[in-house]
Amino acid sequence: MRKSYQEEINRGDVFSRFTWALKNLTKPVQEIIRGITRKTIPWNRVVMGAVLVQGLLVFRLDESLFRVFGLAFLYPSKHSLLYFTLMSSSPLLLWGIGEALRRERVTKALIHALEAIGLKNSVGKLPTFIFDLPLDKWTRKLRLSRAGITAQTFEQNKGALEGAMSIFIDEFREDRLKGTIDVIYSTIKMPETFKVSDYCDLKPPTFVVGVTRSKVIKSSLIENPHLLIAGQSGGGKSTFTRQLIATLYLNDPEMKFTIIDLKGTVESQFFEGRERIDVPQEMGEAVESLEKLSRTMEYRLKLLKKNSCKDILDYFKIPKAERQSLDLDVRGIEGGLCRHLIVVDEAAEMFLSGEGRSTAEVNSAKAVLSRVARQGRAVGIHLVVATQRPDARALDTQIKANLTGVLCFPMANDASSILVLGNGRATDLPFIPGRALWKQGRELQEVQTPLLSTKEMLSLFGDEKRPNGISKHHQKNPLNKLNPEQ
Ligand SMILES: Nc1ncnc2c1ncn2[C@@H]1O[C@H](COP(=O)(O)OP(=O)(O)OP(=O)(O)O)[C@@H](O)[C@H]1O
Ligand SMILES: [Mg+2]
């Protein structure tokens with residue numbers, strides 16, 4: 001009787017050990033399958049590892065390895081194909097084991113963190129782990145059951161959760177229907193400043209948007225013909241716009257610029273008096289410049305038609321000698337095509353009448369910019385609008401709808417953030433100068449935008465002799481002093 005009871009226990013023990021082994025041995029395989037479907041396996045490292053192992057096999061160094069690990073008894077007398085395949089795939093298996101261990105660690109850390117913070121629902125239930133998957137090389141997605149806890153509560157506990165789990169959380173995404181919450185996180189901190197190593201090394205019309213914790217994000221006026229730069233005061237809108245202009249100016253020797261900065265900040269003063277850059281000083285001049293651009297646009301559309309081109313890219317493909325010109329009276333309008341960027345720094349200064357702006361002037365500026373936003377892409381006329389206020393009064397809705405690339409610095413309230421991004425994310429951004437969200441289509445990425453100081457601008461433009469980069473016009477005005485360190 002006693003014996004059979006012992007046997008029972010042993011049998012149960014063997015069974016539980018077997019299920020334990022089965023469960024744990026299949027985990028790395030599950031990770032590999034996930035890695036293949038989600039394209040997260042670092043194939044270059046895995047292949048390099050496999051080549052290295054094959055080298056060991058060829059030189060029979062594997063036998064020494066078995067001996068070192070005390071596994072000599074497992075070493076096969078001859079290298080079968082099965083052994084060769086198993087050994088060659090060992091780097092992939094090691095990756096799978098690493099991922100499985102990581103998952104285990106995250107689960108434990110999560111339970112520990114949630115208990116420590118006391119993030120429980122009203123009946124004391126903790127959110128439970130569903131999965132933890134890599135999104136890219138640096139960012140991961142941890143899915144939890146919400147246990148009735150709102151995303152807002154998670155947001156409020158973000159700092160504590162980050163501290164307890166030693167991670168940096170980018171975002172919480174709630175799915176109310178599924179009752180889950182996704183924690184987008186990384187173990188790497190976002191940089192707080194970012195310098196572009198070589199501004200003169202970008203193929204026009206490419207520009208740098210910023211850096212995430214994993215990579216530098218670039219875009220171009222082909223991908224995003226018109227941009228909206230939004231955010232509350234001091235976020236970094238003008239600084240970003242300044243480096244955008246500098247990048248495009250330095251890399252495309254033909255590109256032209258119209259910079260409308262009716263606030264008259266230092267950023268635009270730097271560009272005054274430079275070849276290819278028009279900086280209207282007040283609303284009347286700005287409207288005049290825009291009306292001329294409207295005629296230019298008309299002319300360019302006809303020119304494209306005459307050359308049977310869909311857009312400026314098609315036109316550039318035609319050899320210069322074969323390009324057809326227009327037989328037109330083109331007062332003040334250049335014959336050829338080049339890209340042209342219109343920058344409006346602070347839309348409210350242009351779109352709200354009053355303070356020296358008549359309704360007629362505002363309406364005609366709106367009409368031209370709306371046309372540029374709708375038709376400018378084909379003819380190479382691009383628009384960048386920076387604004388603190390993204391509401392319909394300060395920024396025409398028609399224009400806003402056509403600004404496809406959106407860079408949003410921190411916003412003071414959800415309403416403004418929703419107007420720009422369609423969600424309240426910009427209110428959760430840390431107020432670090434230059435920290436923003438880059439929205440392209442539906443994709444949203446947190447970036448640290450490039451910092452290009454005035455001193456660096458001066459050396460890039462090769463005119464240290466021009467004190468502080470300000471035109472003579474502004475140097476006369478003692479209020480217009482630039483701090484070169486800014
Ligand atoms: N990418 C950046 N990296 C580091 N510091 C930055 C960055 N961008 C801006 N700053 C700092 O923040 C300050 C304010 O930036 P900026 O003037 O561009 O803000 P803004 O959004 O244009 O504000 P406003 O709406 O008042 O015009 C700058 O003087 C600079 O010191
Ligand atoms: Mg500004």
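## The hairpin of strands 13 and 14

Two strands pair if DSSP finds at least two bridges between them, and strands (E, at least two residues) and helices (H or I, at least four) are DSSP runs numbered from the N terminus. Let's begin with strand 13, which covers residues 435-440. Strand 13 pairs with strand 14 (residues 443-448) in the antiparallel sense, and 6 bridges hold the pairing. One of the matches across that pairing is K439 with L444 in strand 14. Between the two strands of this hairpin sit 2 residues, and G441 there has a positive phi near 65°.

Strand 13 has another neighbour too: strand 12 (residues 405-408) runs antiparallel to strand 13, joined by 4 bridges. Across from C408 you'll find L437 of strand 13. Strand 13 is largely enclosed by the rest of the structure, because 5 of its 6 residues are buried (20 or more other C-beta atoms within 10 Å; exposed means 12 or fewer, partly exposed in between; C-beta atoms are placed from the backbone).

## About the model

What you're looking at is a predicted model, in which local features need pLDDT of at least 70 and side-chain atom pairs count only at pLDDT 80 or more, while totals for chains, interfaces and linings use all residues. Residues are numbered from 1 along each chain as its sequence is written, and chains are lettered from A and ligands numbered from 1 in the order in which they are written.

## I217 and its company

Now pick out I217, which belongs to strand 6 (residues 216-220). I217 counts as partly exposed, because it has 15 C-beta neighbours inside 10 Å. Leaving aside residues up to four places away in sequence, I217 touches V209, G210, T212, W438, Q445 and V447 (contact means C-beta atoms, placed from the backbone, within 7 Å).

Q445 is a nice one to look for: I217 and Q445 are 228 residues apart in sequence, yet their C-alpha atoms are 9.3 Å apart in space. Q445 is on the list of residues that I217 touches, and so is W438.

## Two helices side by side

Over to helix 2 (residues 43-58) and helix 5 (residues 90-117): they pack at an angle of about 130°, with axes 7 Å apart (axes are lines fitted to C-alpha atoms over the stretch in contact, and angles run from 0 to 180 degrees between N-to-C directions). On the helix 2 side, the residues that meet helix 5 are V46, G49, A50 and V53. Helix 5 brings S90, P91, L92 and W95 to the contact.

## Around ligand 1

Ligand 1 has 17 residues around it (C-beta atom, placed from the backbone, within 6 Å). S233, G236, S238, P433 and G434 come nearest.

## Backbone oddities in the loops

A few spots in the loops are worth a look. The peptide bond from P204 to P205 is cis, with omega near 0°. P205 is part of the loop that links strand 4 (180-186) with strand 5 (206-211).

Two residues other than glycine have a positive phi. For S166, phi is about 55°; S166 lies in the loop between helix 7 (158-165) and strand 3 (168-175). S166 is exposed, because 9 other C-beta atoms lie within 10 Å. For R276, phi is near 70°, and its place is the loop between helix 9 (266-271) and strand 9 (277-278). R276 has 14 other C-beta atoms within 10 Å, so R276 is partly exposed.

How values were computed: Two residues are in contact if their C-beta atoms, placed from the backbone, lie within 7 Å.
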